[in-house]
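Visitor: Please go through this chain with me. Begin with the surface and with the terms needed to read it.

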Amino acid sequence: DGEIVAVCALEGNVGKRLYVAPDVQGRGVGSAMQKHLEKLAIQHGYSELKGYAFKNAIGFHRKQGYVLGKIVVFGPYEYNGKQISFDTIEVTKQLS
């Protein structure tokens, strides 16, 4: 239908903002996006892809062959007059 259901970005060898709309999760969209990021990273000469995952996405990244690393906190940011932070887990994968 031409509707955007997923987004991602590559900055250097870091995959960022991989998001899949809830109504299409579990259908391979996220896996396809992740593989696309990996191919782009290889095309740009990187041998490793890194990212930062929320706790609810750890299983997804493990299935994709990523290794879990340290906890990384992003923020604080101001949102609606409040300070918020995000706890993430660093994930990495060696590319071939």
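Guide: Accessible areas are computed by the Shrake-Rupley method with a 1.4 Å probe, and for residues only the protein chains shown count as cover. The model is predicted, so local features need pLDDT of at least 70 and side-chain atom pairs pLDDT 80 or more, while totals for chains, interfaces and linings use all residues. Residues are numbered from 1 along each chain as its sequence is written, and side-chain values use heavy atoms, without hydrogens and water. Of the chain's exposed area of about 6700 Å², the share from carbon and sulfur atoms is 52%.

Visitor: In what order do the elements of the chain run from the N terminus on?

Guide: The chain has two helices and five strands (DSSP runs numbered from the N terminus: helices H or I of at least four residues, strands E of at least two). Its C-alpha atoms fill a box of roughly 45 × 35 × 25 Å along the principal axes. The order is β-β-α-β-α-β-β.

Visitor: What percentage of the residues in the chain is buried?

Guide: Buried means under 20% relative accessible area, exposed over 50%, and partly exposed in between, with a 1.4 Å probe and protein chains only. Of the 96 residues in the chain, the buried part is 28%.

Visitor: Which residues make up the largest nonpolar core?

Guide: A nonpolar core is a set of buried Ala, Val, Leu, Ile, Met, Phe, Trp, Tyr and Cys residues joined through side-chain atoms within 4.5 Å. The largest one has seven residues, and helix 1 (29-43) and strand 3 (48-53) each supply at least two of them. Another core, of five residues, lies apart from it and includes A6, V20, A21 and V24. The members of the largest core are L37, A41, L49, A53, Y66, V91 and L95.

Visitor: Which residues does L95 touch, not counting those up to four places away in sequence?

Guide: L95 belongs to the largest nonpolar core. Contact means heavy atoms within 4.5 Å. By that cut-off, L95 touches E38, A41, I42, Y46, S47, E48 and L49.

Visitor: What is the angle between the planes of Y52 and F74?

Guide: The structure holds three aromatic pairs (rings of Phe, Tyr and Trp, the latter by its six-membered ring, with centres within 6.5 Å; planes under 30 degrees apart are stacked, over 60 edge-to-face, the rest tilted). Y52 and F74 form one that is edge-to-face, at 5.2 Å centre to centre. It links Y52 in strand 3 with F74 in strand 4 (residues 67-79), 22 residues apart. The angle between the planes is 80 degrees.

Visitor: Why is the pair of Y77 and F86 classed as it is?

Guide: The ring centres of Y77 and F86 lie 6.3 Å apart. Y77 is partly exposed at 42% relative accessible area, and F86 is partly exposed at 36%. F54, Y77 and F86 form one aromatic cluster. Because the planes of Y77 and F86 meet at 45 degrees, the pair is tilted.

Visitor: Which residues is F74 in contact with, leaving aside its neighbours within four places in sequence?

Guide: At 30% relative accessibility, F74 counts as partly exposed. F74 and S85 are eleven residues apart in sequence and 5.6 Å apart in space, C-alpha to C-alpha. The contacts of F74 are Y52, S85, F86 and T88.
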